[in-house]
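Thank you all for making the time this morning. I would like to walk through one model with you, beginning with how its parts meet and then turning to a few side chains.

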Amino acid sequence: MATSLRNIIVVGGSFVGRTTAQELARIVPATHRVLLTEPHSHFHHLFTFPRFAIVPGQEHKAFIPYSGIFNASPNPSSHGVVQARVLSIQPTHVELDREWQGLKQVPFDYVVLATGTRLSKPAAMDDDDKASSVEYLQNHQAGVNRSRSILIVGGGAVGVQMAADLKEYYPEKEVTVVQSRAQVMPNFHSALHELIKRRFDELGIRLITGSRATVPPSGFPNDGSTFDVQLTNGTTESTQFVILATGQTPNNQLVADLKSSHPDGKSVVNPDNGFIRVRPTMQFLDEQYSNLFAVGDIADTGAQKAARPGSAQAAVVAKNIQALIEGRAPEDTFVKGPGAIHLTLGMKHNVIFRNPNTTEGQTEPWINPKDDGREDMNVEAMWERLGISVENPRQYHL
């Protein structure tokens, strides 16, 4: 790669970061290159992790090489993937945890943060290499398989999907979901809770709401023995395996060194939620960092934390960086829509659910139930979107 090229650095190679890098590579001039920085050796197909932590035989497909990501761009050889962890973002460069092309400090013209949030395993992996992550999922499958009773802590999308998969794949097991709020999926219209509750009743899944599980400092044994889990409602649940499907913690530590000069004293990060303050153009709110952007889960847009709105934000960022390179004002903006989700509720049954669009006077959600689910969740299609042409099933292990 020629060192004379100007750098546009995308930090984080998950769904929204990947989309942003591909959008940018498609439209930036030949004077610039896109560098996607990501510590994982492979793209992590996060949406498949809840199922592949239960159902064996597909887990190796959840980790996809980045080698074809820029194949569809006009100058694929100009751009690159930097397998490194960004430690901090400075006004003129990013700091890496390892050398890349002899540098630990990589200068940039523009940076896009797509660092997302940290999730509990098995919704996210601790390891950066494919082999260790595949082994983790296989070990998790084995733990699930040998346990007669399973307690899932958390009633968000991950907890709901894992519960349905578990009870359908292993109907003989006792499956219980503990949710701290009065409803599961509380950011959605109550009709989604009612729909999920009916599905839980069909499958025989117990749901405990309005209570939290107390997690011991050393974690739960999950060793095949039976143990007790204390709930904050004063009761005790006996189980052999606990799955944590709790919360999202913003990955905002990279901007800790950036000082804000915003006139109203607002910091780069919103102290109320940990997300990065942005304008509708997806630029940092602080105008001294107008060449810094944030997209996806880490951006404080008020939009639902999901891949679809993140992809819309990626398109906005790409057009605005193109405008800045060409000396124009960035005028593309992200408009928040109603929250929506495509939720699996078993191996085949799934539903697309969208909250009412109140700006259009809607009062009822849009619900589209389907029974076209596949065991591998159509993960093979993502290999194609990442530019990998698979001619032999053995390639899924690469």
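How many residue pairs are in polar contact between domain 1 and domain 2? The count is 6, with both residues of each pair at pLDDT 80 or more, and I should say at once that what you have in front of you is a predicted model.

Let me set out the division itself, in which domain 1 takes in 6-119 + 249-326, while domain 2 covers 139-246. Taken over C-alpha atoms, the centres of the two domains are 33 Å apart, and the contact draws on 9 residues from domain 1 and 10 residues from domain 2. Between them the domains bury about 950 Å², with 62% of that area on carbon and sulfur atoms. On the domain 1 side, Pro50, Ala53 and Ile54 account for 57% of the area buried against domain 2, which is more than any other three residues supply.

Across this interface the rule finds 1 salt bridge. As for charged pairs by name, Asp165 forms a salt bridge with Arg51, where the closest N and O atoms are 2.9 Å apart.

Now to strand β15, which runs over residues 236-239 and includes Thr239. Is Thr239 buried or exposed? Thr239 counts as buried, because its relative accessibility is 2% and the cut-off for that class is under 20%. A polar atom of the Thr239 side chain lies 3.1 Å from the backbone oxygen of Ser149, and the side chain also reaches the backbone oxygen of Phe241, at 3.3 Å. Setting aside neighbours within four places in sequence, the residues in contact with Thr239 include Ile150, Leu151, Phe227 and Val229.

In the same strand, β15, we find Glu237, whose partner Arg206 sits in strand β13, 31 residues apart in the chain. Their side chains meet in a salt bridge at 2.8 Å, N to O. Glu237 counts as buried at 12% relative accessibility, whereas Arg206, at 42%, counts as partly exposed.

For the wider picture, a search of the whole structure finds 17 salt bridges. One of these joins Arg98 to Asp97, with the closest N and O atoms 2.9 Å apart; Arg98 is partly exposed at 28%, and Asp97 is partly exposed at 26%. Another pairs Asp372 with Lys370 at 3.8 Å, N to O. Finally, Lys61, Arg374, Asp376 and Glu380 are linked in a network of salt bridges.

Technical notes:
Residues numbered from 1 in each chain as written. Predicted model: local features only at pLDDT ≥ 70, side-chain atom pairs only at ≥ 80, totals over all residues. Heavy atoms only, no water. Domains from an automatic or database assignment. Contact = heavy atoms within 4.5 Å. Buried area = accessible area lost by both parts, 1.4 Å probe. Salt bridge = Lys/Arg side-chain N within 4 Å of Asp/Glu carboxyl O. Polar contact = N/O pair within 3.5 Å; in protein donor to acceptor, adjacent residues only side chain to side chain. Helix = DSSP H or I, 4+ residues; strand = E, 2+ residues; numbered from the N terminus. Buried < 20%, exposed > 50% of the residue type's maximum accessible area, 1.4 Å probe, protein only.
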